Amino acid sequence: FFQAEDGIRDAQESRGLGDVYKRQLQWRESVTQIIYLFFCIFICSHIAACLWYYSAKLYNFGPDTWITAAQLNDANYFELYATSLYWAIITISTVGFGDISAQNEFCLLYTSDAADDLLLLD
């Protein structure tokens, strides 16, 4: 009688290959979700960076843009994109360092709207 109960209990608490497979499947799903999260964060950062770059382009990279304030007038496209992406990631992940900031009306509107949108995500 006691052996039968132990057999039932062992069947319910099985640590066989099925449980190992389930744990591996859960781990794979978790990794997939983390990769998806980073992908979504990168896409959002990329879009924010492109719009930040465009905000300076609207003013023809003049003296009242963030590019001039950051002394990047002679920078190539990669440096400008990297700086824009840096600004976007820092703005999305924290309150920003303040080393790159808005210099004209459009940038101010864009940054305040971006902050409002981020607050809606919380």
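Which residues does S45 touch, not counting residues up to four places away in sequence? I would like to start there, and I should say at once that what we are looking at is a predicted model. The residues that S45 touches, once those up to four places away are set aside, are L85, A88, I89 and I92. S45 itself has its place in helix α2, which covers residues 17–57, and because its relative accessibility is 2%, under the 20% cut-off, it counts as buried. Its side chain also has a polar partner within the chain, since I can point to the backbone oxygen of I41, which the S45 side chain reaches at 2.8 Å.

Let me step back to the chain as a whole. The secondary structure comes to five helices and zero strands, so that, reading from the N terminus, the elements run α-α-α-α-α. Of the 122 residues in the chain, 21% are buried. The accessible surface comes to about 9,400 Å², and 63% of that surface belongs to carbon and sulfur atoms. If we take the contacts between residues at least 6 apart in sequence, 62% of them join residues that are at least 24 apart.

Now to the aromatic residues, where the structure holds three aromatic pairs. The rings of W52 and W87 have their centres 4.0 Å apart and their planes at 5°, and because that angle is under 30 degrees, the pair counts as stacked. This pair links distant parts of the chain, with W52 in helix α2 and W87 in helix α4, residues 77–93, the two being 35 residues apart. Both W52 and W87 are buried. Then there is the pair formed by Y53 and F61, whose ring centres lie 5.6 Å apart with the planes at 50°, so this one is classed as tilted. F61, for its part, is partly exposed, because its relative accessibility is 30%. I would also draw your attention to a cluster, in which ring pairs link W52, W66 and W87.

Turning to the surface, there is a nonpolar patch formed by Y36, F39, F42, I43, I47 and L51, which together have about 600 Å² of accessible area. Let me take one of these as an example: F42 is found in helix α2, and with a relative accessible area of 41% it counts as partly exposed.

I will finish with two positions in the loops. T65 has its place in the loop between α2 and α3. Is T65 buried or exposed? T65 is buried, because its relative accessible area is 0%, and its side chain reaches the backbone oxygen of G62 at 2.8 Å. A70, by contrast, lies in the loop between α3, residues 66–69, and α4, and because its relative accessibility is 27%, it counts as partly exposed. For anyone who wants a distance to check on the screen, the C-alpha atoms of A70 and T83 are separated by 9.4 Å, while the two residues are 13 apart along the chain.

To return to the opening, then, S45 is a buried residue of helix α2, in touch with L85, A88, I89 and I92, and W52, also in helix α2, is paired with W87 of helix α4. I would ask you to keep in mind, as you look at these positions, that the model is a predicted one.

Definitions and conventions
Residues are numbered from 1 along each chain as its sequence is written. This is a predicted model: local features need pLDDT of at least 70, side-chain atom pairs count only at pLDDT 80 or more; totals for chains, interfaces and linings use all residues. Side-chain values use heavy atoms; hydrogens and water are left out. Helices (H or I, at least four residues) and strands (E, at least two) are DSSP runs, numbered from the N terminus. Buried means under 20% relative accessible area, exposed over 50%, partly exposed in between (1.4 Å probe, protein chains only). Contact means heavy atoms within 4.5 Å. Accessible areas come from the Shrake-Rupley method with a 1.4 Å probe; for residues, only the protein chains shown count as cover. A polar contact is a pair of N or O atoms within 3.5 Å; within protein, one must be able to donate a hydrogen and the other to accept it, and residues adjacent in sequence count only if both atoms are side-chain atoms. Rings of Phe, Tyr and Trp (its six-membered ring) pair if their centres lie within 6.5 Å; planes under 30 degrees apart count as stacked, over 60 as edge-to-face and the rest as tilted. Patches are made of residues with over 30% relative accessible area and no salt bridge: like charges are joined within 9 Å, nonpolar side chains (Val, Leu, Ile, Met, Phe, Trp, Tyr) within 5 Å. A salt bridge is a side-chain nitrogen of Lys or Arg within 4 Å of a carboxyl oxygen of Asp or Glu.
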